Amino acid sequence: MIRVLIADDQAMVRQGFGALLAAQPDLVVVGDAADGAAAVEAARRLDPDVVLMDVRMPVLDGLAATRQLLGDRRADRPRVLILTTFDLDDYVYEALRAGASGFLLKDAPAADLVHAVRVVAAGDALLAPTVTRRLIAEFAARPGHRRPRPADLAGLTPRETDVLRLIARGRSNAEIAADLVVAEQTVKTHVGRILAKLQLRDRAQAVVVAYETGLVAAGE
């Protein structure tokens, strides 16, 4: 069973998402929270696999709550899936940098929410939607982000660099395998090595690093 915690300051949202997720045979809602501070406390107490985290909440916003949760040194830190709307895109990018595994628009279809929870719980990043790739590229290219530092990627082999570039462009493992004409298992091995060498949690952070180091440029 995938254990889910819902953090949102709107009771109707918590109840609606809770009912939807609880109806799934492989999901269980272990609790909810109406603000970021309560979400952090509940996550540490209830040990969920996935936290659905709203961005704008009282006491502590979703970004600060995500930083606190993912800043823990515990090995069993939850995966964080950010819930947002288009007018909160700046927060989304910062949340990904903080270690969130992806984000979902609040008006997404119910099936997308269920799928997102399963994807994130499995250790993958929710980066397939085109809008996600576009937003990450846009914010990575804004003034104020650090300049490209190729040395950050010096430990990667040429093939690993190719794989990272394709991850940043939103390719799945199967698509990367087809692009590079290799087995999908080989791609999985490369992805694992990339994450280990760069000390990253998942593909979401890999995408951020790829843009911030200049490996991939906005609009490519």
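How much area does the chain expose, and what share of it do carbon and sulfur atoms supply? The exposed area is about 10,200 Å², with 52% of it from carbon and sulfur atoms. Keep in mind that this is a predicted model.

The chain holds ten helices and five strands, and 50% of its 220 residues count as buried. Among contacts with a separation of 6 or more, 67% join residues 24 or more positions apart.

Helix α5 is a good place to start looking. Its twelve residues, 110–121, should span 16 Å at 1.5 Å a residue, and the end C-alpha atoms agree with this, being 17 Å apart. L113, V114, A116, V117, V119 and V120 are the buried residues of α5. Their cover includes β1, α1, β2, β3, β4 and β5. Just past the helix, G123 has a positive phi of about 100°.

Now to the charged pairs: the chain has nine salt bridges, including these three.

| Pair | N to O distance |
|---|---|
| D8 and K106 | 2.9 Å |
| E160 and K197 | 2.8 Å |
| R165 and D162 | 3.2 Å |

D8 is buried at 0% relative accessible area, whereas K106 is partly exposed at 24%. Salt bridges also link D8, D54 and K106 in a network.

In the pair E160 and K197, E160 is buried at 2% and K197 is partly exposed at 41%. R165 and D162 sit three residues apart in helix α7, about one turn. Both are partly exposed, R165 at 23% and D162 at 28%. An α-helix has 3.6 residues a turn, so residues three or four places apart point the same way.

Note on methods: Residues numbered from 1 in each chain as written. Predicted model: local features only at pLDDT ≥ 70, side-chain atom pairs only at ≥ 80, totals over all residues. Heavy atoms only, no water. Helix = DSSP H or I, 4+ residues; strand = E, 2+ residues; numbered from the N terminus. Buried < 20%, exposed > 50% of the residue type's maximum accessible area, 1.4 Å probe, protein only. Contact = heavy atoms within 4.5 Å. Areas by Shrake-Rupley, 256 points an atom, 1.4 Å probe, with all protein chains shown as cover. Expected span 1.5 Å × (residues − 1). Salt bridge = Lys/Arg side-chain N within 4 Å of Asp/Glu carboxyl O.
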